[in-house]
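Please look over the sequence and the structure before reading on. The paragraphs that follow go from the whole chain to its parts, and then to a few single residues.

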Amino acid sequence: MTSILPYWDQNIDLDIAPWLPYGKDYSPVTVNEMLSPQLGAVAGLAFELQSEFLYLRSFQSGNVGTLARQNIIDPGRNGGMELGFTMVFTYSEPMEKCIIALMRKFTSLRAALTLCGVWSSGVLIDENKVIMIVSEDPFFDEGVFFTALQKAFQVFSGKMKPNISFFAEKFGYRRFSISYETDNVTQMRITQALFDIELDSTKELTGPTPEVKLPFTTGL
């Protein structure tokens with residue numbers, strides 16, 4: 001499937017604390033409810049769109065999200081004032097369509113695709129294709145946006161409340177780019193190789209690379 005959104009002109013990296021669970025996460029939704037019930041609802045509904053909410057950086061909230069929970073538990077790690085707004089979701093076709101529809105209502109926001117590397121203690125432990133939403137406006141009203149985002153997720157998923165998140169938290173959400181179901185090393189390497197060339201191949205098929213400049217204010 002050819003993506004509709006353009007690409008940011010650079011990849012991004014997220015550093016997680018070494019003591020945080022990553023491969024099997026038992027609280028991908030409730031950890032976000034620690035910041036606000038609405039963000040928790042957004043994180044839960046993202047699963048219904050075959051995606052996952054990873055990260056938020058904003059003036060009002062600082063650095064938070066499923067992969068930044070140390071900042072939720074210890075606000076002192078936020079590092080002071082953060083200008084602008086950045087939100088990252090793992091890629092899925094339903095999520096892309098939902099975000100595109102939402103961007104028409106929030107003209108100060110820009111959304112595009114990129115690769116997100118997840119690092120722990122200097123080691124790359126995963127790499128995901130993501131949708132990153134950015135606003136350079138330091139006074140961007142994220143409360144209004146979260147309300148619209150939650151409603152959009154409900155409309156596109158057809159559910160008022162998430163169901164998948166219950167099982168994700170009860171049994172642990174498994175999060176890997178390489179399929180965890182197989183111990184076949186050759187198959188795992190093939191899967192990773194196909195994932196690595198996905199963006200470049202897609203760009204070749206769609207003609208000139210549709211890239212947009214990533215604002216420096218994202219801080220990633």
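Helices and strands are here DSSP runs, helices being H or I over at least four residues and strands E over at least two, and they are numbered from the N terminus. With these terms, Ser121 can be placed in the loop between β7 and β8. The model is a predicted one, and in it the protein chain has 7 helices and 10 strands.

Of the 220 residues in the protein chain, 50% are buried, and the accessible surface comes to about 11,000 Å², with 56% of that area belonging to carbon and sulfur atoms. When contacts between residues at least 6 apart in sequence are taken, 78% of them join residues at least 24 apart.

A good place to begin is with the strands. β7 (110-120) and β8 (123-135) pair in the antiparallel sense over 11 bridges, and in this pairing Leu113 stands opposite Ile131 in β8. The two strands form a hairpin with 2 residues between them, and Ser121, in the turn, has a positive phi of about 55 degrees although it is not a glycine. With a relative accessibility of 58%, Ser121 counts as exposed, because the cut-off for that word is over 50%. β8 is also joined to β6, by 6 bridges, and these two strands run antiparallel as well; here Phe85 stands opposite Ser135 in β8.

Strand β7 also holds Thr114, a residue that counts as buried because its relative accessibility is 1%, where buried means under 20%. The side chain of Thr114 reaches the backbone oxygen of Gln10 at 2.8 Å, and a polar contact of 3.4 Å joins it to the side chain of Asn11.

Next comes the packing of nonpolar residues. In soluble globular proteins, nonpolar side chains tend to be buried together. The largest nonpolar core of this model has 34 residues, and those with the most contacts inside it are Met87, Phe89, Ile133, Phe145, Leu149 and Phe153. At least two residues of this core are supplied by each of α2, β4, β6, α4, β7, β8 and α5. Apart from this core lies another, of 19 residues, among them Ala68, Met132, Val134 and Leu214. To return to Phe153, its contacts, leaving aside neighbours within four places in sequence, are with Val42, Leu45, Ala46, Leu49, Phe89, Met95, Cys98 and Gly158.

Two helices show how burial is arranged. In helix α4, which spans residues 93-103, the buried residues are Met95, Glu96, Cys98, Ile99, Ile100, Leu102 and Met103, and what covers them includes α2, β6, β7, β8 and α5. Helix α6, residues 164-171, has Ser165, Ala168 and Glu169 buried. These three cover an arc of only 90 degrees around the axis, and therefore they lie on the same side of α6. An α-helix has 3.6 residues a turn, so residues three or four places apart point the same way. The face of α6 turned away from its buried side carries the exposed residues Phe166, Lys170 and Phe171, whereas the cover over the buried residues includes β3, α1, α2 and β9. After α6 comes Gly172, with a positive phi near 90 degrees.

Where does Ser92 lie, and which residues is it in contact with? Ser92 is found in the loop between β6 and α4, and, leaving aside neighbours within four places in sequence, it is in contact with Leu49, Gln50, Ser51 and Ile131. Ser92 is buried, because its relative accessible area is 5%. At the start of α4, a side-chain oxygen of Ser92 reaches to within 3.1 Å of the backbone nitrogen of Met95, and the side chain of Ser92 also reaches the backbone oxygen of Leu49 at 2.5 Å. Between Ser92 and Ala46, which are 46 residues apart in sequence, the distance from C-alpha to C-alpha is 9.8 Å.

Gln50, one of the residues in contact with Ser92, is found in the loop between α2 and β4. Gln50 has a positive phi of about 60 degrees although it is not a glycine, and it counts as exposed because its relative accessibility is 60%.

Note on methods
Residues are numbered from 1 along each chain as its sequence is written. This is a predicted model: local features need pLDDT of at least 70, side-chain atom pairs count only at pLDDT 80 or more; totals for chains, interfaces and linings use all residues. Side-chain values use heavy atoms; hydrogens and water are left out. Buried means under 20% relative accessible area, exposed over 50%, partly exposed in between (1.4 Å probe, protein chains only). Contact means heavy atoms within 4.5 Å. Accessible areas come from the Shrake-Rupley method with a 1.4 Å probe; for residues, only the protein chains shown count as cover. The arc is that of the directions from the helix axis to the C-beta atoms. A polar contact is a pair of N or O atoms within 3.5 Å; within protein, one must be able to donate a hydrogen and the other to accept it, and residues adjacent in sequence count only if both atoms are side-chain atoms. Two strands pair if DSSP finds at least two bridges between them. A nonpolar core is a set of buried Ala, Val, Leu, Ile, Met, Phe, Trp, Tyr and Cys residues joined through side-chain atoms within 4.5 Å.
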